[in-house]
Structure formats: structure tokens, C-alpha cells
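Student: Hi! I have a new structure open and could use a hand finding my way around. Can we talk it through?

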Amino acid sequence: MEHQNERIPLSKKGRRELTPFFAREMLADFARDRLDEERRESLTKHLLDHAPERAELERIRAGLQYASRLAKTNVLPSVLEKIDEPETYLSVLLKKTNYELWPVTVKWGLEAAMVLSIFMAVLIVIPWDRAMKFGLSPRGREIILAEVEHPRPGEIPLAVAEVSTPEASPAPSVVPAPTPVAVAATPPTKPVAAAETKPVASAPSAVAVVESAKPKVTQGMLYRGVLIVSDLDLGILRITDKIAELGGRKAGEVELGWKKTSSSAYYHFSMPEGKYDSLVKFLEGSGELVIGNEPHPRIMPKGLIRLIVTVEAKR
Amino acid sequence: MTEQDIRSIALFFFFSFLDEEKAIEASTVAVAAARERKRRHPEESSAEIVVRITAAGLASREKPGAIAPEGTETVETIRLTSGTGWVLPAGLEMRTWKEFLKTATTDELCAVTWSSLLGFADEDIAHGLDLPEGTVRYRLGRALAKLGGLLGPRASVVR
């Protein structure tokens, strides 16, 4: 003990005192009450005689007091949620570009441009023409399944199915007229002196719906005629009415009596076979008639015949 | 990461920048980094991770507290560039803290923030910085003395 006292000189009061350096180092812990009993007492005694350390302690205490008040700052949950939400590429992009600082008009313009771009892309990419063909428009997709002729008073109704076979058979194979059992009446051909009738095919001209045991008819018959009238307009009216009266209906795209040219009218129609004679008689009474028949791939239903008559004004 | 940890991170950056946008941006990055750190080092306490991540986040940014040049601000015009995300105690003037941000070093700022504002233990701060506790206490003492010295017989200004 005496040896130790020789090495470490004691203060005038006989105590081992704190130096200002160490005192300053302990002031913060002293202010926070973190010192042990011995050091606290030693520092307290030191402070009694050292004003600079006391001033420093006051400053530390003031700082602690201010910090304790500042520590009561609260953070709203909305901010915490904003911080905690996962970042997406879009959120990072918006942050980097300071999107929130952009003018409102620019934001609206950008959003409108995006909507318009999406709309245009949809318009361009989607094949609207195909979409329209998928049953949206019925035009062009009409299929004639059957033609049912409504009977006029006193007439025998003819209800048969029309077979529309526009393709031409390369080789006609018509059953000879005398042999079939159920044969429609052979439409007569009227020879006209002024005109040359079209030659009747060497093969039988009758078109018949044969029995199931007989070979199938693969070719029909078409009647072509030319009528020359003195008054074309009046003739058109009378002929159109007559055809309708006899049960005729248009068989093509154009209406009955379509004026092909200023001096000719066109009739493409079907009518009951039994009315053929009446029609011919009427036409002959209206002008000069040349009419004949010829084979045609289009097969008409049983009991119906098809005619193409051109009415021309007399020159 | 608990809500308290996220709150601590948010407050740290808010007190460092006094700018809500910067604080949110830095906090978002720090929270993600803290989660990753927690996943890799589950033995570390939340306080240690927050200290480590916030120190790194602050070091990667500009010096905090760089507000307007001295002399251009008046008591009446001082205001925080913050919205309504942070609610300061009523009647607390912020000019002292702003001046502290200007004069204190980053170490002193961090020490005061972690210890006095966020309430972290000296041991956790020391472990988070890989420093002795004595160093942490030393920095804290200087920081508190500097902060206290800025407080003076001036009028309290309510923000």
C-alpha cells in the first residue's frame, strides 16, 4: 500500500480524483444514470469544483431533454404501409421519373394516349372481317334448302325439293323418254318460221324424275325464247302480270321484266309445267315469238320448268 | 421485420433528411435490405440490423441536413419539406434539430438518433457498427453536448 501510494500521488485532500479528461468522458453516462455508485460519487464531487464540466453536463442534459421530446414523433400507418409495400417495376419507374410532380395536364394526356393506343391496337389486331363472317352477317350465307310452291286456287300443289346443282355434268345421261314410268309431260317445241329454233338435242329432251329403280337424271332443261313486241313498256306490264298469274316466279337474281337495255326486257323464271301452253299462247298473241328448249345442268323440281325469255321492241 | 422496426427505420431517415419523400424512398430500400439481412443472419437482433442497414443507407446518400444556406432562412419561413406522414410533438421547435443536422458529423447524428430518439441500447449500436461500446458512448456524449449547446435562450418556434 505504501509502495502504491508512492507511485501514484494523491491529491491534496488525499483522494484519487478524476481528471477533467475522464470526467468529461463520463458526463454522458452520468446524465443517463449509467454509472456505478463509485464513479457517480466521484464525478459528483468533481463537478462541485469544476464549472466547465458542469456546463458540459447541462448541455448534455438539455440535449437529452430535447431528444426525448423529439422521440415522441409519430409515423402514420399510411406511411408505414407505403414503405412496407413491395416495389414493382412500375413503382420504381414512377419514383425515378417523379411522376407525382408532373403537371396534371401532362398526366391526363399521357393516360389518354395510353388508352387510345390500346384501343387502336385492339382495332388493328383483331380480324374484324373474319369476326363478321362468323354468323354476324347473314348475307351471302343463304342456302336454299327447298322451294315450296304455294298452290293457287284450283291448282294441284307441287311440293318438291329443288336440287341446285349448278355444276355442269360433263356427259348427259338422261333416261330415254319412252321408258320411264313417271314422266312429266314433254313440253312441246313450237317451230317458228322467222327464227331458227334451237335444235333439240338428239338425246331425249324430257327431264323426268325417275323411279328409284331407274337411273338418276343428271341434267335439266331450259326454255329460251325471244318475243318481239311493238310496245315494249306495255308488253312488259302485260307479260309480267301473265307470268305471275300462271304461277311463275323469278328463277334468277333479277326481277321479272328487268330492262336489260332500253329496247329489251329480260325474263328468267320458273313456272308449272302445265301452264306452259297457256304462256306460249299468250306470248304468241303479244308479238312474234321464237321459243325452244335445250339441255341445262340445272335440274328443276318435278312439275316445274325454267324459262328465259327476252322481250325486244320491234324496230 | 416488425412494424416497430419499420417505424424505427422511417424515423431515422426522416430525422436525417427532414424530407418525407426522401425518407420514404430511403426507408423502402432499407426495409428490403433489412429483410434480406434478417433472412441471412437470423442470430442478429432487429436493433443491430436496423443500425447496420440505416448506417449503410445514410452513407450512400448525400450529407443529411443540407437545407438552405445559412442566412436565407428566417424563423417564420422555416418549415419541413414534409407532408402529413409524420406527426411532430406539439410545440416542439425544429430549428435546433436543423442546425444540429448542419453542424454534427454523420457519426454524431447517427448516435443521437439511434440512442436517444429510437431508444436502442449501446450494445446493439456497437454490434451493428462493429465498434466498441466506449466509442458509441463517446460519440453520443459529443452529440448530446452539441445538441444541447444549440439550445439556448431563443424563442420557441412552432412549426
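Tutor: Happy to! Keep in mind that this is a predicted model. A good place to begin is chain A: among its contacts between residues at least 6 apart in sequence, 71% join residues at least 24 apart.

Student: Okay, and how many helices and strands does chain A have?

Tutor: Chain A has 10 helices and seven strands.

Student: What share of chain A counts as buried?

Tutor: Of its 315 residues, 30% are buried. Chain A also exposes about 21300 Å², and 59% of that comes from carbon and sulfur atoms.

Student: Switching topic: how many residues does each chain bring to the contact between chain B and chain A?

Tutor: Chain B brings 40 residues and chain A brings 29.

Student: And how much area do the two chains bury between them?

Tutor: About 3000 Å², with 67% of it on carbon and sulfur atoms. On the chain B side, T28(B), L92(B) and L144(B) supply 16% of the area that chain B buries against chain A, more than any other three residues.

Student: Now inside chain B, how do helices α3 and α5 cross?

Tutor: The axes of α3(B), residues 46-59, and α5(B), residues 106-117, come within 12 Å and cross at roughly 145°. The crossing is right-handed.

Student: Which residues make that contact?

Tutor: From α3(B) there are V51(B), T54(B), A55(B) and L58(B), while α5(B) gives T106(B), L109(B), C110(B) and W114(B).

Student: What classes do they fall into?

Tutor: Six are nonpolar and two are polar, with no charged residues in this contact of α3(B) with α5(B).

Methods
Residues numbered from 1 in each chain as written. Chains lettered and ligands numbered in written order. Predicted model: local features only at pLDDT ≥ 70, side-chain atom pairs only at ≥ 80, totals over all residues. Heavy atoms only, no water. Axes fitted to C-alpha atoms, helices over the stretch in contact; angles between N-to-C directions. Helix = DSSP H or I, 4+ residues; strand = E, 2+ residues; numbered from the N terminus. Left-handed = near helix turned anticlockwise from the far one by under 90°. Contact = heavy atoms within 4.5 Å. Nonpolar A, V, L, I, M, F, W, Y, C, P; charged D, E, K, R; others polar. Buried < 20%, exposed > 50% of the residue type's maximum accessible area, 1.4 Å probe, protein only. Areas by Shrake-Rupley, 256 points an atom, 1.4 Å probe, with all protein chains shown as cover. Buried area = accessible area lost by both parts, 1.4 Å probe.
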